[in-house]
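Q: I would like to learn how to read the features of a protein model step by step. Could we begin with the overall layout and then go on to the interior, the surface and the aromatic rings?

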Amino acid sequence: MMLGHTALLVAFFLSQAGGFLSHPEDDGIPEEWVLLHVVQGHIGAGNYSYLRLNHDGRIILHMQSLKGDADLYVSDKTLHPNFDTYKLQSVTCGPDVVVVPGDFKRPVGIGVYGHPSYQESEFEIRVFYDQAVPQDPFEKGSYTSDGHNKKKSAQAADDFQEEESIFWTILIGLLKIILEILF
């Protein structure tokens, strides 16, 4: 009898581990999409959390609400898009997907809105780069007159700012949890 329970437990854990080891193709993600970042966060009802996208090219934002319902607003005009000032949006009750065209001016503002129907929403955004869209090597401003790529150093600085933003998001989330425990 104990052996049967053990076998059942092992089968359960193996089935759960299969989800972690699955390939992106299993999620319906095309092979030419490259995963750049995964951002997780919490957002209160009726509030916004803002992110900045600095990567060039066609970018796909794939957000899943893990708890509650979070909505996605995107703009190349403001770093703080909302339901009044956005260019692209996805406001479904399921997975939210927004395709940011390569010709959007960078940085692109991303607003995550916590739907008021839920006290708190938890979300995960996977940021993909679409390699299938060719980059224009003669894009204006991509090279200086001496032939050095000036975008690389600017992108490195932008990536640092993005990592710093993720750090603050995680830190604030941890502080909220600590405050909930204390009070």
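A: Helices and strands are taken as DSSP runs, with at least four residues for a helix and at least two for a strand, and they are numbered from the N terminus. With that in hand, the model before us, which is a predicted one, can be read along its sequence as α-β-β-β-β-β-β-β-β-α, a pattern that holds two helices and eight strands.

Q: How many of the protein's residues are buried, as a percentage?

A: A residue is called buried when its relative accessible area is under 20%. In this protein of 183 residues, 27% are buried. The accessible surface comes to about 12000 Å², and carbon and sulfur atoms account for 61% of that area.

Q: Which residues have the most contacts inside the largest nonpolar core?

A: A nonpolar core is a set of buried residues of the nonpolar and aromatic kinds, including Val, Leu and Ile, joined through side-chain atoms. The largest one here has 20 residues, and Leu61, Leu72, Val100 and Ile125 are those with the most contacts inside it. At least two residues of this core come from each of β1, β2, β3, β4, β6, β7 and β8, with β8 giving the largest share, namely four residues.

Q: What is Val100 in contact with, once its neighbours within four places in sequence are left aside?

A: Its partners include Leu53, Ile59, Leu61, Val74, Leu88 and Val108, and among them are also Arg58 and Arg106. For the protein as a whole, of the contacts between residues at least 6 apart in sequence, 78% join residues at least 24 apart.

Q: Which residues form a nonpolar patch on the surface?

A: The patch consists of Leu175, Ile178, Leu179, Leu182 and Phe183, which together have about 580 Å² of accessible area. Leu175 belongs to helix α2, residues 150–182, and its relative accessibility of 44% is the reason why Leu175 counts as partly exposed.

Q: How should I read a pair of aromatic rings, and how many aromatic pairs does the whole structure have?

A: A pair of aromatic rings is described by the distance of the centres and the angle of the planes. A search of the whole structure finds seven aromatic pairs. In one of them, the rings of Trp33 and Phe128 have centres 5.6 Å apart and planes at 40°, so this pair is tilted. Because Trp33 lies in strand β1 and Phe128 in strand β8, the pair ties together parts that are 95 residues apart in sequence. Phe128 is buried, its relative accessible area being 3%. Ring pairs also link Tyr48, Tyr50, Tyr73, Phe83, Tyr86 and Tyr113 into a cluster.

Conventions:
Residues numbered from 1 in each chain as written. Predicted model: local features only at pLDDT ≥ 70, side-chain atom pairs only at ≥ 80, totals over all residues. Heavy atoms only, no water. Core = buried A, V, L, I, M, F, W, Y, C linked by side-chain atoms within 4.5 Å. Buried < 20%, exposed > 50% of the residue type's maximum accessible area, 1.4 Å probe, protein only. Contact = heavy atoms within 4.5 Å. Patch = residues over 30% accessible without salt bridge, like charges linked within 9 Å, V, L, I, M, F, W, Y side chains within 5 Å. Areas by Shrake-Rupley, 256 points an atom, 1.4 Å probe, with all protein chains shown as cover. Salt bridge = Lys/Arg side-chain N within 4 Å of Asp/Glu carboxyl O. Phe/Tyr/Trp six-rings, centres within 6.5 Å; stacked < 30°, edge-to-face > 60°.
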